[in-house]
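Notebook open, model loaded. I want to jot down what I look up as I go, starting with a single residue and working outwards.

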Amino acid sequence: MAERVNPFTPSFGSVPLLFAGREQVTEDVLLGLKGNHGEPNRISLFVGPRGSGKTALLTKIASEAEPKAWISANVTAMPGMLEDIFERTQEAAIEFVETSAGSRLTGLNFSGFGFTREIIEAKQGNWRTRMNAVIDELNEQSIGLLITVDEVILDLDELRVLVATFQHFIREQKEVALLMAGLPHNVSALLQDKTISFLRRAVQHQLGVIHETHEVRETIKKTIELSGRTIQEEALNRATEATGGFPFLIQLVGYHIWRQNPNSDEISLANAQEGIHFALADMESRIFKVTERELSENDLRFLEAMLSDKESSSLADIAERLSVSMNYAGQYRLRLIEQGIIGARGRGKVGFELPFFREYLERKTGL
(Lines give C-alpha, C1' and ligand atoms only; values in the text may rest on other atoms or scores of the structure.)
Protein backbone atom coordinates (compact mmCIF):
# COMPACT_ATOMS: atom_id res chain seq x y z
CA MET A 1 0.00 0.00 0.00
CA ALA A 2 1.34 3.45 -0.95
CA GLU A 3 2.18 5.73 1.97
CA ARG A 4 -0.33 8.53 2.41
CA VAL A 5 0.95 12.07 1.92
CA ASN A 6 1.37 13.96 5.20
CA PRO A 7 -1.20 16.82 5.09
CA PHE A 8 0.46 18.99 7.75
CA THR A 9 2.86 21.73 6.61
CA PRO A 10 5.31 22.86 9.33
CA SER A 11 7.42 24.95 6.97
CA PHE A 12 7.40 28.73 7.17
CA GLY A 13 5.01 30.36 4.72
CA SER A 14 3.25 27.16 3.65
CA VAL A 15 -0.52 27.43 3.62
CA PRO A 16 -2.06 24.64 5.74
CA LEU A 17 -4.89 22.50 4.49
CA LEU A 18 -7.10 24.06 7.19
CA PHE A 19 -6.56 27.26 9.19
CA ALA A 20 -7.45 27.53 12.86
CA GLY A 21 -8.67 30.76 14.40
CA ARG A 22 -8.04 33.14 11.50
CA GLU A 23 -11.47 33.13 9.86
CA GLN A 24 -12.49 36.58 11.13
CA VAL A 25 -9.26 38.25 10.01
CA THR A 26 -9.52 36.69 6.56
CA GLU A 27 -13.17 37.66 6.23
CA ASP A 28 -12.52 41.25 7.34
CA VAL A 29 -9.79 41.78 4.74
CA LEU A 30 -11.68 40.09 1.89
CA LEU A 31 -14.79 42.16 2.69
CA GLY A 32 -12.56 45.23 2.58
CA LEU A 33 -11.52 44.32 -0.95
CA LYS A 34 -15.18 44.09 -1.98
CA GLY A 35 -15.95 47.55 -0.56
CA ASN A 36 -15.00 51.03 -1.70
CA HIS A 37 -11.74 52.95 -1.61
CA GLY A 38 -12.26 54.00 2.00
CA GLU A 39 -12.39 50.48 3.44
CA PRO A 40 -9.92 50.47 6.39
CA ASN A 41 -8.91 46.82 5.94
CA ARG A 42 -7.42 47.64 2.56
CA ILE A 43 -4.38 48.79 4.51
CA SER A 44 -3.67 46.13 7.12
CA LEU A 45 -0.76 45.07 9.29
CA PHE A 46 -0.43 41.49 10.49
CA VAL A 47 1.61 41.44 13.68
CA GLY A 48 2.82 38.37 15.53
CA PRO A 49 5.82 36.42 16.78
CA ARG A 50 7.74 33.98 14.62
CA GLY A 51 5.53 30.98 13.86
CA SER A 52 2.20 32.76 14.31
CA GLY A 53 1.22 32.21 10.67
CA LYS A 54 1.71 35.70 9.24
CA THR A 55 3.21 34.62 5.91
CA ALA A 56 0.73 31.80 5.43
CA LEU A 57 -2.15 34.21 6.05
CA LEU A 58 -0.80 36.69 3.49
CA THR A 59 -0.60 33.88 0.96
CA LYS A 60 -4.09 32.63 1.75
CA ILE A 61 -5.70 36.07 1.44
CA ALA A 62 -3.87 36.84 -1.82
CA SER A 63 -5.06 33.53 -3.25
CA GLU A 64 -8.66 34.07 -2.18
CA ALA A 65 -8.65 37.64 -3.54
CA GLU A 66 -7.93 36.51 -7.11
CA PRO A 67 -11.44 35.19 -7.86
CA LYS A 68 -12.78 38.52 -6.52
CA ALA A 69 -11.23 40.57 -9.39
CA TRP A 70 -7.87 41.28 -7.77
CA ILE A 71 -4.35 40.37 -8.78
CA SER A 72 -1.52 40.31 -6.25
CA ALA A 73 2.15 41.22 -6.09
CA ASN A 74 3.72 39.35 -3.16
CA VAL A 75 7.18 40.38 -1.96
CA THR A 76 9.49 40.39 1.05
CA ALA A 77 10.88 43.63 2.52
CA MET A 78 14.46 43.65 1.23
CA PRO A 79 16.66 45.72 -1.13
CA GLY A 80 15.15 45.71 -4.61
CA MET A 81 11.63 45.39 -3.21
CA LEU A 82 10.10 48.20 -5.31
CA GLU A 83 11.31 46.77 -8.60
CA ASP A 84 10.17 43.34 -7.45
CA ILE A 85 6.67 44.73 -6.82
CA PHE A 86 6.60 46.23 -10.32
CA GLU A 87 7.78 43.01 -11.96
CA ARG A 88 5.44 40.81 -9.95
CA THR A 89 2.58 43.17 -10.92
CA GLN A 90 3.53 42.89 -14.58
CA GLU A 91 3.72 39.15 -14.28
CA ALA A 92 0.28 38.89 -12.67
CA ALA A 93 -1.28 41.42 -15.07
CA ILE A 94 0.07 39.95 -18.30
CA GLU A 95 -3.34 38.60 -19.34
CA PHE A 96 -5.00 41.99 -18.91
CA VAL A 97 -2.60 44.79 -19.93
CA GLU A 98 0.34 45.52 -22.21
CA THR A 99 3.14 45.47 -19.65
CA SER A 100 6.40 45.39 -21.58
CA ALA A 101 8.13 46.27 -24.82
CA GLY A 102 6.97 44.19 -27.76
CA SER A 103 5.49 44.50 -31.23
CA ARG A 104 2.17 44.32 -32.95
CA LEU A 105 1.03 43.67 -36.53
CA THR A 106 0.25 46.94 -38.34
CA GLY A 107 -0.14 45.99 -41.99
CA LEU A 108 0.38 43.49 -44.82
CA ASN A 109 2.57 43.95 -47.88
CA PHE A 110 0.93 41.80 -50.55
CA SER A 111 3.46 42.65 -53.27
CA GLY A 112 6.33 41.48 -51.12
CA PHE A 113 4.35 38.74 -49.41
CA GLY A 114 5.35 40.18 -46.06
CA PHE A 115 4.02 42.28 -43.21
CA THR A 116 5.06 45.25 -41.12
CA ARG A 117 5.24 45.55 -37.34
CA GLU A 118 5.27 48.49 -34.93
CA ILE A 119 7.65 48.30 -31.96
CA ILE A 120 5.95 49.18 -28.68
CA GLU A 121 8.36 50.76 -26.23
CA ALA A 122 8.15 49.95 -22.52
CA LYS A 123 6.56 52.71 -20.48
CA GLN A 124 9.21 54.95 -18.94
CA GLY A 125 9.27 56.99 -15.75
CA ASN A 126 10.00 56.54 -12.06
CA TRP A 127 8.52 53.75 -9.97
CA ARG A 128 5.33 55.64 -9.15
CA THR A 129 4.75 56.58 -12.80
CA ARG A 130 5.23 53.02 -14.01
CA MET A 131 2.98 51.61 -11.28
CA ASN A 132 0.31 54.23 -12.07
CA ALA A 133 0.23 53.11 -15.70
CA VAL A 134 -0.29 49.44 -14.84
CA ILE A 135 -2.79 50.10 -12.03
CA ASP A 136 -4.85 52.44 -14.21
CA GLU A 137 -5.06 49.85 -17.00
CA LEU A 138 -6.11 47.22 -14.48
CA ASN A 139 -8.69 49.48 -12.85
CA GLU A 140 -10.20 50.29 -16.27
CA GLN A 141 -11.03 46.57 -16.46
CA SER A 142 -12.39 46.57 -12.87
CA ILE A 143 -9.35 44.71 -11.57
CA GLY A 144 -7.61 45.79 -8.36
CA LEU A 145 -4.00 45.38 -7.25
CA LEU A 146 -3.19 43.80 -3.88
CA ILE A 147 0.40 44.28 -2.67
CA THR A 148 1.61 42.06 0.18
CA VAL A 149 4.90 42.71 1.96
CA ASP A 150 6.31 40.17 4.39
CA GLU A 151 8.99 40.58 7.09
CA VAL A 152 8.75 44.37 7.32
CA ILE A 153 11.72 46.18 8.84
CA LEU A 154 12.37 49.83 9.62
CA ASP A 155 15.85 50.08 8.11
CA LEU A 156 14.75 49.95 4.48
CA ASP A 157 14.22 53.17 2.52
CA GLU A 158 12.24 51.35 -0.17
CA LEU A 159 9.60 50.49 2.42
CA ARG A 160 9.22 54.18 3.23
CA VAL A 161 8.88 54.96 -0.50
CA LEU A 162 6.22 52.28 -0.89
CA VAL A 163 4.12 53.57 2.01
CA ALA A 164 4.47 57.21 0.93
CA THR A 165 3.55 56.36 -2.68
CA PHE A 166 0.67 54.13 -1.62
CA GLN A 167 -0.83 57.11 0.16
CA HIS A 168 -1.03 58.84 -3.23
CA PHE A 169 -2.65 55.78 -4.77
CA ILE A 170 -5.37 56.05 -2.11
CA ARG A 171 -5.82 59.80 -2.63
CA GLU A 172 -6.21 59.16 -6.36
CA GLN A 173 -8.91 56.56 -5.57
CA LYS A 174 -7.14 53.70 -7.27
CA GLU A 175 -8.34 50.15 -6.61
CA VAL A 176 -5.37 49.07 -4.50
CA ALA A 177 -4.74 47.34 -1.18
CA LEU A 178 -1.62 46.90 0.94
CA LEU A 179 -1.11 44.08 3.44
CA MET A 180 2.09 44.00 5.47
CA ALA A 181 3.34 41.51 8.04
CA GLY A 182 6.16 41.55 10.56
CA LEU A 183 7.46 40.69 14.00
CA PRO A 184 5.97 42.90 16.75
CA HIS A 185 9.14 44.88 17.51
CA ASN A 186 9.77 45.56 13.81
CA VAL A 187 6.20 46.77 13.23
CA SER A 188 6.37 48.92 16.36
CA ALA A 189 9.58 50.57 15.17
CA LEU A 190 8.04 51.15 11.74
CA LEU A 191 4.98 52.85 13.19
CA GLN A 192 7.15 55.22 15.21
CA ASP A 193 8.89 56.51 12.07
CA LYS A 194 7.57 60.04 11.49
CA THR A 195 8.22 59.91 7.75
CA ILE A 196 5.49 57.28 7.26
CA SER A 197 2.95 58.31 9.89
CA PHE A 198 0.22 57.46 7.34
CA LEU A 199 0.78 53.81 8.26
CA ARG A 200 -0.39 54.41 11.82
CA ARG A 201 -3.95 54.50 10.49
CA ALA A 202 -3.63 50.97 9.14
CA VAL A 203 -5.75 48.23 10.73
CA GLN A 204 -3.59 46.05 12.97
CA HIS A 205 -4.40 42.36 13.23
CA GLN A 206 -2.61 40.78 16.19
CA LEU A 207 -1.80 37.15 15.41
CA GLY A 208 -0.98 35.30 18.57
CA VAL A 209 -2.00 32.13 20.32
CA ILE A 210 -5.39 30.68 19.34
CA HIS A 211 -7.27 30.46 22.63
CA GLU A 212 -10.32 28.66 21.19
CA THR A 213 -9.25 25.09 22.01
CA HIS A 214 -12.17 23.58 20.11
CA GLU A 215 -10.97 25.26 16.90
CA VAL A 216 -7.48 23.82 17.30
CA ARG A 217 -8.94 20.38 18.03
CA GLU A 218 -11.25 20.45 15.01
CA THR A 219 -8.46 21.67 12.72
CA ILE A 220 -6.22 18.72 13.67
CA LYS A 221 -9.09 16.22 13.48
CA LYS A 222 -10.47 17.41 10.12
CA THR A 223 -7.03 17.69 8.52
CA ILE A 224 -6.38 14.05 9.41
CA GLU A 225 -9.82 12.86 8.28
CA LEU A 226 -9.75 14.77 5.01
CA SER A 227 -6.48 13.00 4.25
CA GLY A 228 -7.92 9.52 4.71
CA ARG A 229 -7.11 8.62 8.33
CA THR A 230 -8.66 8.89 11.80
CA ILE A 231 -7.26 9.64 15.25
CA GLN A 232 -8.15 8.15 18.64
CA GLU A 233 -10.00 10.49 20.99
CA GLU A 234 -7.32 10.53 23.69
CA ALA A 235 -4.61 10.96 21.06
CA LEU A 236 -6.49 13.98 19.68
CA ASN A 237 -6.83 15.48 23.16
CA ARG A 238 -3.10 15.09 23.81
CA ALA A 239 -2.17 16.56 20.44
CA THR A 240 -4.48 19.56 20.94
CA GLU A 241 -3.05 20.27 24.38
CA ALA A 242 0.53 19.94 23.11
CA THR A 243 0.07 22.74 20.55
CA GLY A 244 -0.66 25.40 23.15
CA GLY A 245 -2.79 27.03 20.44
CA PHE A 246 0.34 28.16 18.59
CA PRO A 247 -0.21 28.03 14.78
CA PHE A 248 3.22 26.68 13.85
CA LEU A 249 3.05 24.08 16.60
CA ILE A 250 -0.37 22.92 15.36
CA GLN A 251 1.25 22.00 12.06
CA LEU A 252 4.38 20.65 13.73
CA VAL A 253 2.51 18.36 16.14
CA GLY A 254 0.19 17.21 13.37
CA TYR A 255 3.11 16.48 11.08
CA HIS A 256 4.99 14.39 13.63
CA ILE A 257 2.05 12.40 14.96
CA TRP A 258 1.07 11.54 11.37
CA ARG A 259 4.49 10.22 10.42
CA GLN A 260 4.93 7.82 13.37
CA ASN A 261 2.95 5.06 11.68
CA PRO A 262 1.81 6.47 8.33
CA ASN A 263 0.44 3.19 6.95
CA SER A 264 -2.03 2.75 9.80
CA ASP A 265 -5.60 3.94 9.24
CA GLU A 266 -5.74 5.32 12.79
CA ILE A 267 -3.36 7.50 14.78
CA SER A 268 -3.04 5.94 18.23
CA LEU A 269 -2.24 7.47 21.59
CA ALA A 270 1.25 5.96 21.39
CA ASN A 271 1.74 7.59 17.96
CA ALA A 272 0.60 10.92 19.36
CA GLN A 273 2.89 10.78 22.40
CA GLU A 274 5.91 9.91 20.28
CA GLY A 275 5.06 12.56 17.71
CA ILE A 276 4.61 15.25 20.36
CA HIS A 277 8.09 14.46 21.72
CA PHE A 278 9.65 15.08 18.30
CA ALA A 279 7.50 18.16 17.66
CA LEU A 280 8.56 19.91 20.88
CA ALA A 281 12.23 19.16 20.17
CA ASP A 282 11.75 20.62 16.69
CA MET A 283 10.03 23.68 18.14
CA GLU A 284 12.98 24.25 20.46
CA SER A 285 15.53 24.32 17.65
CA ARG A 286 13.44 26.20 15.08
CA ILE A 287 11.64 28.78 17.25
CA PHE A 288 12.93 29.00 20.83
CA LYS A 289 16.66 29.16 20.10
CA VAL A 290 16.17 31.74 17.35
CA THR A 291 13.94 33.81 19.64
CA GLU A 292 16.45 33.60 22.48
CA ARG A 293 19.27 34.86 20.24
CA GLU A 294 17.23 37.98 19.46
CA LEU A 295 16.81 38.88 23.15
CA SER A 296 19.14 41.16 25.05
CA GLU A 297 20.81 40.11 28.29
CA ASN A 298 18.37 42.25 30.26
CA ASP A 299 15.40 40.78 28.38
CA LEU A 300 16.54 37.33 29.50
CA ARG A 301 17.08 38.49 33.08
CA PHE A 302 13.49 39.81 33.15
CA LEU A 303 12.14 36.48 31.87
CA GLU A 304 14.23 34.48 34.33
CA ALA A 305 12.83 36.62 37.14
CA MET A 306 9.35 35.44 36.10
CA LEU A 307 10.25 31.76 36.48
CA SER A 308 9.81 31.88 40.27
CA ASP A 309 6.06 32.28 39.76
CA LYS A 310 3.89 29.40 38.62
CA GLU A 311 1.55 31.47 36.46
CA SER A 312 1.47 35.28 36.33
CA SER A 313 4.13 37.59 37.79
CA SER A 314 3.65 41.05 39.22
CA LEU A 315 5.88 43.80 37.85
CA ALA A 316 6.66 44.87 41.41
CA ASP A 317 8.04 41.41 42.27
CA ILE A 318 10.10 41.31 39.07
CA ALA A 319 11.57 44.76 39.78
CA GLU A 320 12.47 43.68 43.33
CA ARG A 321 14.14 40.46 42.13
CA LEU A 322 16.19 42.43 39.60
CA SER A 323 16.95 45.27 42.05
CA VAL A 324 15.70 47.87 39.55
CA SER A 325 13.03 50.56 39.61
CA MET A 326 9.46 49.92 38.47
CA ASN A 327 9.96 52.30 35.53
CA TYR A 328 13.07 50.43 34.40
CA ALA A 329 11.33 47.05 34.67
CA GLY A 330 8.34 48.52 32.84
CA GLN A 331 10.49 49.29 29.80
CA TYR A 332 11.46 45.64 29.44
CA ARG A 333 7.89 44.56 30.06
CA LEU A 334 6.80 46.62 27.04
CA ARG A 335 9.69 45.30 24.92
CA LEU A 336 8.82 41.68 25.64
CA ILE A 337 5.10 42.23 25.10
CA GLU A 338 5.88 43.84 21.72
CA GLN A 339 7.90 40.76 20.78
CA GLY A 340 4.99 38.46 21.62
CA ILE A 341 6.93 36.58 24.32
CA ILE A 342 4.89 37.72 27.31
CA GLY A 343 1.41 39.20 27.66
CA ALA A 344 -0.58 41.21 30.18
CA ARG A 345 -2.42 39.21 32.85
CA GLY A 346 -4.38 41.93 34.54
CA ARG A 347 -3.31 45.11 36.30
CA GLY A 348 0.46 45.11 36.86
CA LYS A 349 0.90 41.42 35.98
CA VAL A 350 2.40 39.51 33.06
CA GLY A 351 2.69 35.89 31.97
CA PHE A 352 4.42 33.92 29.23
CA GLU A 353 2.59 34.21 25.89
CA LEU A 354 4.85 32.10 23.65
CA PRO A 355 3.76 28.50 24.43
CA PHE A 356 6.33 26.35 26.22
CA PHE A 357 9.00 29.07 26.20
CA ARG A 358 8.85 29.12 30.00
CA GLU A 359 9.61 25.39 30.09
CA TYR A 360 12.46 25.91 27.63
CA LEU A 361 14.04 28.59 29.85
CA GLU A 362 13.51 26.43 32.95
CA ARG A 363 15.40 23.55 31.36
CA LYS A 364 18.13 25.86 30.13
CA THR A 365 18.66 27.69 33.42
CA GLY A 366 17.89 24.81 35.78
CA LEU A 367 15.40 26.98 37.67
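**Entry 1: a glycine in a loop.** I looked up glycine 38 in this predicted model. Buried or exposed? Its relative accessibility is 62%, and the cut-off for exposed is over 50%, so glycine 38 counts as exposed. Glycine 38 belongs to the loop that runs between α1 (23–34) and β1 (43–47). I also took a C-alpha to C-alpha distance from glycine 38 to alanine 56: the two are 26 Å apart in space, with their positions 18 residues apart in sequence.

**Entry 2: a threonine in a strand.** Next I picked threonine 148, which is part of strand β5 (residues 144–150). With a relative accessible area of 3%, against a cut-off of under 20%, threonine 148 is buried. What does threonine 148 touch, leaving aside neighbours within four places in sequence? I get Leu58, Ala73, Asn74, Val75 and Leu179.

**Entry 3: overall numbers.** I stepped back to the whole protein. I have 14 helices and twelve strands in the secondary structure. Along the principal axes, the C-alpha atoms fill a box of roughly 90 × 60 × 35 Å. The protein has 367 residues, and 46% of them count as buried. For contacts with a separation of 6 or more, I find that 72% are between residues 24 or more positions apart.

**Entry 4: how far to trust it.** The mean pLDDT of the protein is 89, and 92% of the residues reach 70 or more. Where is confidence lowest, and where highest? Strand β3 (residues 102–109) is the low end, with a mean of 42, and strand β8 (residues 230–231) is the high end, at 98. I flagged residues 101–120, where pLDDT stays under 50. For that stretch the model has 26 contacts beyond four places in sequence.

**Entry 5: aromatic pairs.** I searched the whole structure for these and got six pairs. I noted two of them in full.

- Tryptophan 127 and phenylalanine 169: the ring centres are 6.5 Å apart and the planes are at 40°, so I logged the pair as tilted. The pair links distant parts of the chain, since tryptophan 127 is in helix α4 (residues 127–140) and phenylalanine 169 is in helix α5 (residues 157–171), 42 residues apart. Both tryptophan 127 and phenylalanine 169 are buried.
- Phenylalanine 288 and phenylalanine 357: this pair is also tilted, at 5.5 Å centre to centre with 55° between the planes. Phenylalanine 288 is in helix α10 (residues 269–293) and phenylalanine 357 in helix α14 (residues 357–365), so the pair ties together parts 69 residues apart in sequence. Phenylalanine 288 is buried at a relative accessible area of 2%, and phenylalanine 357 counts as buried at 0%.

I also noted one aromatic cluster, formed by Trp127, Phe166 and Phe169.

**Entry 6: charges over rings.** I wrote down two arginines. The charged end of arginine 130 sits over the ring of phenylalanine 86, 4.6 Å from the ring centre. Arginine 229 lies over the face of tryptophan 258, at 4.6 Å from the ring centre.

**Entry 7: helix α4.** Tryptophan 127 and arginine 130 sent me back to this helix. The 14 residues of α4 should span 20 Å at 1.5 Å a residue, and the end C-alpha atoms are 20 Å apart, which agrees. Which residues of α4 are buried? They are Trp127, Arg130, Met131, Asn132, Ala133, Val134, Ile135 and Leu138. The cover over these buried residues includes β2 (70–76), α3 (81–93), β5, α5 and β6 (176–182).

**Entry 8: helix α13.** I ran the same look-up on α13 (residues 326–338). The 13 residues reach 18 Å from first C-alpha to last, close to the 18 Å expected at 1.5 Å a residue. Ala329, Gly330, Tyr332 and Leu336 are the buried residues of α13. Down the helix axis, they fall within an arc of 165°, so I take them as lining one face of α13. What covers them includes α11 (297–306), α12 (315–322) and β11 (342–344). One last note: glycine 340, just after α13, takes a positive phi of about 75°.

Definitions and conventions: Residues are numbered from 1 along each chain as its sequence is written. This is a predicted model: local features need pLDDT of at least 70, side-chain atom pairs count only at pLDDT 80 or more; totals for chains, interfaces and linings use all residues. Side-chain values use heavy atoms; hydrogens and water are left out. Rings of Phe, Tyr and Trp (its six-membered ring) pair if their centres lie within 6.5 Å; planes under 30 degrees apart count as stacked, over 60 as edge-to-face and the rest as tilted. Helices (H or I, at least four residues) and strands (E, at least two) are DSSP runs, numbered from the N terminus. Buried means under 20% relative accessible area, exposed over 50%, partly exposed in between (1.4 Å probe, protein chains only). A charge sits over a ring if NZ of Lys or CZ of Arg is within 6 Å of the ring centre and within 35 degrees of the ring normal. pLDDT is the predictor's confidence in each residue, from 0 to 100. Contact means heavy atoms within 4.5 Å. The expected span of a helix is 1.5 Å times one less than its number of residues. The arc is that of the directions from the helix axis to the C-beta atoms.
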